[in-house]
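Hi,

Here is the structure I promised to pass on. Have a look at it first, and then read my notes underneath.

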Amino acid sequence: MNILVVGLGSIGKKHVEAIFKICHSANVYALRSNINSDVIENVTNLYSLSEINFVLDFVIISNVSAFHEKSILEMCS
């Protein structure tokens, strides 16, 4: 299962923890805005949607609420 998390702040990290409790074999990717972002164990940092060359099973939008609409529209295009 391939899962993308957009925004990996405190809420995003809670989602990642929950994912791994449910499915230990999940492939979790985080769309990050900063190349110097923290590395989280078992989470692959991505810095552009163009890096996604595989099928995503679902996306979790967990960035700042003001950016949710923009993120959703980017996922749909």
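Below is what I found in it, going from the overall fold down to a few single residues.

Before anything else, please keep in mind that this is a predicted model.

**The overall picture**

The protein has two helices and four strands. Starting at the N terminus, you will meet them in the order β-α-β-β-β-α. Along the principal axes, the C-alpha atoms fill a box of roughly 30 × 25 × 20 Å. For 77 residues, a compact globule would have a radius of gyration near 11 Å, and the 12 Å of this protein agrees with that. Buried residues account for 35% of the 77. If you take the contacts between residues at least 6 apart in sequence, 56% of them join residues at least 24 apart.

**The sheet**

The four strands make an open sheet in the order β3-β2-β1-β4, and the pairing is parallel. The edges are taken by β3 (43-46) and β4 (58-61); each has a single partner strand, so one side of each has no neighbour in the sheet. From one strand to the next, the twist averages 25°.

Strand β1, residues 2-6, is a good place to start looking. On one side, β1 pairs with β4 in the parallel sense over four bridges. Two positions to click on there: Leu4 stands opposite Val59 in β4, and Val6 stands opposite Ile61 in β4. Helix α2 (residues 68-76) packs on the sheet, where it touches β1, β2 (27-31) and β4, and its direction makes about 165° with that of β4.

β1 also pairs with β2, again in the parallel sense, this time over five bridges. In that pair, Val5 stands opposite Ala30 in β2. To get from β1 to β2 the chain goes through helix α1 (residues 10-22), and this β-α-β crossover is right-handed.

So how covered is β1? Five of its five residues are buried. In a regular strand, side chains alternate between the two faces of the sheet. You can follow that here: Asn2, Leu4 and Val6 point one way from β1, while Ile3 and Val5 point the other way, and all are buried.

**The cores**

Nonpolar side chains tend to be buried together in soluble globular proteins. Which residues make up the largest nonpolar core in this one? There are 12 in all: Ile3, Val5, Leu8, Val16, Ile19, Phe20, Cys23, Ala26, Val28, Ala30, Val43 and Ile60. The elements that give two or more residues to this core are β1, α1 and β2, and α1 gives the most, with three. Apart from this core lies another one of six residues, including Val6, Leu31, Leu46 and Ile52.

Leu8, a member of the 12-residue core, is worth a look for its contacts. Leaving aside residues up to four places away in sequence, Leu8 touches Lys13, Val16, Ala30, Arg32, Ile40 and Val43.

**Three single residues**

- Ser71 is found in helix α2. Is Ser71 buried or exposed? Its relative accessible area is 6%, under the 20% cut-off, so Ser71 counts as buried. Not counting residues up to four places away in sequence, Ser71 touches Val6, Ile61 and Asn63. Val6 and Ile61 are the two residues that stand opposite each other in β1 and β4.
- Glu74 is also found in helix α2. Its relative accessibility is 32%, which falls between the cut-offs of 20% and 50%, so Glu74 counts as partly exposed. The C-alpha atoms of Glu74 and Leu49 are separated by 8.6 Å, with the two residues 25 apart along the chain.
- Asn42 sits in the loop between β2 and β3. Asn42 is not a glycine, yet it has a positive phi of about 70°. Its relative accessible area of 56% is over 50%, so Asn42 counts as exposed.

If you want a short route through the model, begin at β1 with its five buried residues, go over α1 to β2 by the right-handed crossover, and then turn to α2, which packs on the sheet.

Best wishes

Key: Residues numbered from 1 in each chain as written. Predicted model: local features only at pLDDT ≥ 70, side-chain atom pairs only at ≥ 80, totals over all residues. Heavy atoms only, no water. Pairing = 2+ DSSP bridges. Axes fitted to C-alpha atoms, helices over the stretch in contact; angles between N-to-C directions. Contact = heavy atoms within 4.5 Å. Buried < 20%, exposed > 50% of the residue type's maximum accessible area, 1.4 Å probe, protein only. Right-handed = clockwise from strand over helix to strand, strands pointing away. Core = buried A, V, L, I, M, F, W, Y, C linked by side-chain atoms within 4.5 Å. Rg over C-alpha atoms; globule rule 2.2 N^0.38 Å.
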